[in-house]
Amino acid sequence: MALTLALGLLGLSVVGQVALDSRPRLMLQVTSLFIAATAATVIAVVGVARSRGVDRRWRLLVAAGPLSTLPGAFEWSSQYLSGNPETLKLTPVESIFLIAPVLTVIGLICMPAAPDNRPTRAPPQADARFRPRYSHTVIALDSLMIILSMFLIAWYALLRDIVGSPMSGTSFVIAVVFALTSALLVVVLVLVATFRQPRNGRALALLGAGLITTALAETVLVQISLPDAEGVRSTMPLWAGAAVGPLLVALAMLAPERVGRQPAPSTNPDLGRLGWPGRSDRPGRSDRSGWFGRSSSEIRQWLHAYLPYLPLGIAAALVLATALREGALSGLPLYLAICLASLVTLRQIIVVTENQRLVSDVQLAHRRLQHQADHDGLTGLANRALFTRELERAVGLHQQDGRPVVVLFCDVDHFKTVNDTHGHTAGDKLLRTVAVRLRAALRQGDLAARVGGDEFAVLLADTDPATNPHAAGEQCARRITAAMNRPFMLDGEPERIEISIGLALSDGREPSTTAEQILHQADIAMYNSKNRRRGLAPARSPGISDVQ
């Protein structure tokens, strides 16, 4: 309905512009502008009122443009109806048109981005976390760099021949400022659409159409602000764009987000288990496309890194050529060059800071992943892989300097009964409690690990060769047993859980003892302890002992 109103208004305005002339044409322009401004204001207010949360935030900011059209229509119409359509004055109402684009820029940058569902070689959480971040500040700085560079190029190509001549004046300067702000909005929208990819594509398309229409109208305003303009006939594109542009932007406030179609599920069972959605996970499909086989993500990264410097390079070449030809820069080109240099410096500082933060995040995640790879997820103790590595290192030191290796192997008795009686949740809680007490019973530097379902192992650290390693192991076993003797709470009731402990060591008597042999001997010693409680004959092996 609203879109039909906009198209009908545009058609009526164009027909009237062609059919009418002079004063009636101007009256039609004023009428169409007032109708469009009123409609844009109402639509923008309704769109903001219907939205919630982050969607309301960006709509509220972008709505500053349509909401400023009504007072602007009154001000501009009074100027044009006064009989001097080529004169622009910087009034308080005109100042609103310079404040509204600032709010619109912030609103465009704040548009919520779409989630990235593309499969990658890395797990999805890591990909989402370490994707290059296009921050609000960098996008704003890039937009300013591009606009100022384009303005500097336009200055050398055309504007410097106009400014300072009888053709230029206050109206021309104001019109150029309006054109620059409109162009800035278009550049910000392009950067946001390219790098942040907002999830509301319909609103983005309407915003693009509205801002481009407004920018073209502002270009016409620059032309008619010159004294040799064709008068009221030349204002038709200006009034048409000024009427339709804000209306399209207001319609973006009502545009709903596309809902429904989700990426097709993966047919690859391995990728499906990892939860990587998208049709491109199917075997045989590739995510690489575009320039020389680059993926779209790589292309965006390249554009983000170099796009702002393309117009900047052209502007810098023109500034350098002027400085070499004239000996020095002065006036507006000098100020623009200083602003561009400051923006480039600030952008580089921000990008370096963001890269350093990203590297810190990657290093932190690497340490977290390394910890997860070396530790048991339930108890937080070392896992079997880490314990085996540390035991192999201890065996290597033993072979070098004869330092004893002492290993304890622990098993929770009747753990299956706990799971069957109280459930697996209670069993997991019991294992976590055992891990806490086991860690508390050890010395600093001793390594405790969960090596099986209800099996734990302990490696004593820095055992002094002058002391009795067997006695040190038995003393540690007694501390563990004492810690486990306290009742456990299972389903609100105290329960006593017994633990069987086996001791194995390598003190130089065994000439060729490996880490796997020591761990196996400790395992056998643990079963000896368990069998002794049941009244069964223990299995014996050299270098091992069971601990009651």
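Trainee: Okay, buried means under 20% relative accessible area. With that in mind, how many residues of strand S3 are buried?

Mentor: Five of its five, which leaves S3, residues 455-459, mostly covered. Keep in mind that we're looking at a predicted model.

Trainee: Which residues point which way from S3?

Mentor: Glu 455, Ala 457 and Leu 459 point one way, and Phe 456 and Val 458 point the other way. Residues on both sides are buried. In a regular strand, side chains alternate between the two faces of the sheet.

Trainee: Which strands pair with S3?

Mentor: S1, residues 405-412, pairs with S3 in the antiparallel sense over five bridges. S2, residues 447-450, is also antiparallel to S3, with four bridges.

Trainee: Where do Leu 408 and Ala 449 find their partners in S3?

Mentor: Leu 408 has Val 458 as its bridge partner, while Ala 449 stands opposite Ala 457.

Trainee: And what joins S2 to S3?

Mentor: A hairpin, running through four residues.

Trainee: Switching to charges. How many salt bridges does the structure hold?

Mentor: There are 10 salt bridges in the structure. Take Arg 393 and Glu 390: their closest N and O atoms are 3.3 Å apart. Both residues lie in helix H16, residues 384-401, three residues apart, or about one turn of the helix.

Trainee: Why does that spacing work for two side chains in a helix, pointing the same way?

Mentor: An α-helix has 3.6 residues a turn, so residues three or four places apart point the same way.

Trainee: Is Glu 390 buried, exposed or partly exposed, and why?

Mentor: Glu 390 is partly exposed, because its relative accessibility is 26%, and partly exposed covers the range between the 20% and 50% cut-offs.

Trainee: What about the rest of H16, which residues are buried there?

Mentor: Leu 386, Phe 387, Leu 391, Ala 394, Val 395 and His 398. The helix has 18 residues and reaches 26 Å from its first C-alpha to its last, close to the 26 Å expected. After H16 comes Gly 402, with a positive phi near 75 degrees.

Trainee: Where's Lys 416, and what does its side chain meet in a salt bridge?

Mentor: Lys 416 sits in helix H17, residues 415-422, and its partner Asp 420 is four residues away in that helix, about one helical turn. The N to O distance of this salt bridge is 2.9 Å.

Trainee: Buried or exposed, those two?

Mentor: Exposed: Lys 416 has 61% relative accessibility, and Asp 420 has a relative accessible area of 55%.

Trainee: And Arg 443, what does that one bridge to?

Mentor: Asp 446, with the closest N and O atoms 3.0 Å apart. Arg 443 counts as partly exposed because its relative accessibility is 39%, whereas Asp 446 counts as buried because its value is 13%.

Trainee: Which residues are linked in a network of salt bridges?

Mentor: Asp 411, Asp 413 and Lys 530.

Trainee: His 414 caught my eye. What is its phi?

Mentor: Positive, about 60 degrees, although His 414 is not a glycine. Most residues other than glycine have a negative phi. His 414 lies in the loop between S1 and H17, and it counts as exposed because its relative accessibility is 56%.

Trainee: Now the nonpolar stuff. How many residues are in the largest nonpolar core?

Mentor: That core has 39 residues, and those with the most contacts inside it include Trp 58, Val 62, Leu 108 and Met 253. Among the elements giving two or more residues to this core are H2, H3, H6 and H10. H9 gives the most, with nine residues.

Trainee: And which residues make a nonpolar patch on the surface?

Mentor: Ile 99, Val 102, Leu 103 and Ile 106 make one of about 330 Å². Leu 103 is found in helix H6, residues 92-109, and counts as partly exposed because its relative accessibility is 33%.

Trainee: Last one: where is Thr 213, and what separates its C-alpha from that of Val 186?

Mentor: Thr 213 has its place in helix H10, and its relative accessible area of 23% makes it partly exposed. The two C-alpha atoms are separated by 9.9 Å, with Thr 213 and Val 186 27 residues apart along the chain.

Terms used. Residues numbered from 1 in each chain as written. Predicted model: local features only at pLDDT ≥ 70, side-chain atom pairs only at ≥ 80, totals over all residues. Heavy atoms only, no water. Salt bridge = Lys/Arg side-chain N within 4 Å of Asp/Glu carboxyl O. Buried < 20%, exposed > 50% of the residue type's maximum accessible area, 1.4 Å probe, protein only. Expected span 1.5 Å × (residues − 1). Patch = residues over 30% accessible without salt bridge, like charges linked within 9 Å, V, L, I, M, F, W, Y side chains within 5 Å. Areas by Shrake-Rupley, 256 points an atom, 1.4 Å probe, with all protein chains shown as cover. Pairing = 2+ DSSP bridges. Core = buried A, V, L, I, M, F, W, Y, C linked by side-chain atoms within 4.5 Å.
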